Amino acid sequence: MLASSPSHSIDSPLAHTAGSNVAVVVPAPMPTALTYRVGEGQTIVDGSIVKVPLGRRLVLGTVWGASQDEVNPSRLKPIEQIVDAPPIRAPLRAFVDWVADWTLAAPGMVARMVTRGDDLMQRDPPVTAVRKAGAPPERITPARARVLDVMVDGDVYTKSGLADLAGVSTAVIDGLVKAGTLEKITIQREPGRIEPDPDFDPRTLTEGQADAVHELIAEGPKDGSLDVALLEGVTGSGKTEVYFEAIANTLREGRQALILLPEIALTAALLDRFAERFGAMPGEWHSGITPKTRRQVWRGVAEGKVKVVIGARSALYLPFEDLGLIIIDEEHEAAYKQEEWVSYNARDMAIVRARFEKAQVILASATPSVESRINAKAGRYRHIPLPARYGARPLPSLSAIDLRRTPPERGTWLAPPLVEAVRDTLERGEQSLLFLNRRGYAPLTLCRTCGHRFECVMCSAWLVQHRFTQTLNCHHCGHIEPMPKACPECGNTDSLVPSGPGVERIAEEVATRFPDARTLVLSSDMMGGPKRLKAELEAVAAGEVDIVVGTQLVAKGHNFPGLTLVGVVDADVGFGQGDPRASERTFQLLTQVTGRAGRADKPGIGLIQTHMPDHPVLQALLAHDTERFYTLEEEARRRAYLPPFVRFVAVIVSGTDVAGVKAHANHLKAIARPPETIDVLGPVEAPLAMLRGRHRQRLLVRGPRGRETQSFVKSWLARADKARGDMRIDVDVDPQSFV
Ligand SMILES: Nc1ncnc2c1ncn2[C@@H]1O[C@H](COP(=O)(O)OP(=O)(O)OP(=O)(O)O)[C@@H](O)[C@H]1O
């Protein structure tokens, strides 16, 4: 609903008067805000969300302040409407500016992540309600008496709600309205909300947990300076219980809290845990929620009524009224990096948002990112360890299965020691998890006769065979085609063979070896939506499944009490893909997944199939020697001039015209002229040379950590020729993905 004046309190008393010019940030890739005129009768403040004409469209924009630009009055357009929504507060506007500057994105594209779209600004339609208004009716029936009996003077009821309450039909209510006893009114229905109660059901903490809570709450800086704590606790140490206490503290201070999670799959379980601890559901924010919930949470946080939000990285842009605490759970996860539209890392940006909001940040992980570890070591973050599992449970005992010595039988993927271990676990009535980070049945399909390999037509990538759906899928662009009967190259039938395993193939082997076991495949593309996934995860937790075959979807965050064996089918998948973070990712993923074993009363084991049992990363993992891993990795990065000791900025030129893309990339290189401290590497064909039908060339800028590198990229790209046609230049500061 649009109104000419917002009904909300404002954080800036300075209204812009009619006839004055204001700067409005609009959702378009423009480097600056545009100027519009405030109309008669409009009350506009800094942060007002407005509708303004842009070309022929009316777009949603945000008032950033008075305009300093000289604009020819004849070209000046008026603000069309003021949206009935709380204005965007100054700290959030400052955050948007900062993110735009840091990521080299247009401010409007960042602001768009705050205001999102029109639908978010709508209010639910008003509803008709009734309340007592006059004397009881002359004709009083038992049904009418019941209605009057249940009503409290002054209270407002929806018709159907009141009918239910009194156990009568709505016709009885209509009769009372007609008689003048009740009157109809229109109300804006507010979602019923129970506030989380910090003292609802606190846990008894272990000594280690209590110390960590004390440090988090009481030992932070007292001068209001930025407080970032790295809560590093081994898997199953109870990090969640610890940061819940920090949330309780924030709630007692009357402020709001945000918990960011890397995966939607983790939200359902955490929502339930939160409700048990605080007696109320938090707000939920991710791509799987309904538009109605989205509207209610957005408005609820802006008005300070929703106190806690659990969400995906986009929740970082919610317009909190008074944000006191941000928790980044599994802070090391690559999923915090967004790579579309605006490339940003939600973990890093959360720290910036916290600075503007004067909020605390807790980064939680069993396997922190190398960056956060180094920041903690340098004293920029407080380092709070939780070295033991809750309930004195041991960490799982880990060992490697050397595939060179005990390989699987031909055409199978599970080596004899792993098969034996699964059998023993089944016999004990316990659960096993077989982990392989590959969706589908086989990563490649080829023709035995002519050697043809199935590739995506839009990307330089193999098509992954999926048996459940009988399709070949591209995991990069989403292209799907039916599994052919014959080879398109040589026409031979019965000659197409799968090559390599995905989780579906492992599940097939499991079904052959253990036909009586209850087996479940869990991977993101098998999901029948978040509801089905939640039910499946609950079934695993309840012990209704014997063997889970899963991708990274099940690797982290979950609590499966009956799970005592984790088998890693192929630990070598993650190493050496030209990605500077390959070792780190592998270490993290394998620690997380093996950390699912033995979390309740029975001890767990992890068996890791590999061709490289002596790899230093695996050695550190097997010994639970986290310290050794970080020391090795830090040293390797320092030596090789890799982040976080340098800053990388990736510049990707893409388009449908391969020659044009190459020429433009070469042009960029030719005009770069970087200062001595900065190198421009490339251009080279990106590892994914074609993606969604666009050819890609990659330049990599390597420079110092400060702002210098971004400043160089900004001025460099500003000097470049305009990209023509459908050519696009994407800039990614601190890239996570090197494809
Ligand atoms: N103080 C406590 N009282 C009761 N139960 C606890 C306590 N601390 C932890 N637990 C239980 O121990 C298990 C592990 O805790 P939690 O999930 O918080 O660990 P975590 O450190 O987040 O693990 P991971 O990093 O492996 O996901 C959970 O079932 C949790 O309920």
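Student: What stands opposite V684 in β35?

Tutor: R698 does. This is a predicted model: local features need pLDDT of at least 70, side-chain atom pairs count only at pLDDT 80 or more, and totals for chains, interfaces and linings use all residues. Residues are numbered from 1 along each chain as its sequence is written.

Student: How do you know that β34 and β35 pair?

Tutor: Pairing takes at least two DSSP bridges between two strands. Seven join β34 to β35 (residues 694-703), so they count as a pair. They run antiparallel. A strand here is a DSSP run of E, at least two residues, and a helix one of H or I, at least four; both are numbered from the N terminus.

Student: What makes β34 (679-691) and β36 (728-733) edge strands?

Tutor: The open sheet has the order β34-β35-β33-β36, with antiparallel pairing. β34 and β36 each have a single partner strand, so one side of each has no neighbour in the sheet.

Student: Which strands stand at the edges of the sheet β11-β10-β12?

Tutor: That open sheet is antiparallel too. Its edge strands are β11 (157-158) and β12 (182-187), each pairing on one side only. Two bridges join β10 (residues 127-132) to β11, so the minimum of two is met. In one of them, A129 has T158 as its partner in β11.

Student: Why is G595 called buried?

Tutor: Buried means 20 or more other C-beta atoms within 10 Å of a residue's own, exposed 12 or fewer, partly exposed in between; C-beta atoms are placed from the backbone. G595 has 25, so it is buried. G595 sits in the loop between α16 (582-594) and β32 (605-610).

Student: What is G595 in contact with, beyond its neighbours within four places in sequence?

Tutor: T235, G236 and A366 (contact: C-beta atoms, placed from the backbone, within 7 Å). G595 and T235 are 360 residues apart along the chain, yet their C-alpha atoms are separated by 5.3 Å.

Student: Which residues around the ligand are closest?

Tutor: T235, G238, K239, T240 and Y390, out of 19 that surround the ligand (near: C-beta atom, placed from the backbone, within 6 Å). Helix α8 (residues 239-252) gives the largest share of this shell, three residues.

Student: How do you know where the ligand lies relative to domain 3 and domain 4?

Tutor: Domain 3 (207-391) and domain 4 (393-438 + 501-635) both give residues to the shell, so the ligand lies between them. The domain bounds come from an automatic or database assignment.

Methods. Contact = placed C-beta atoms within 7 Å.
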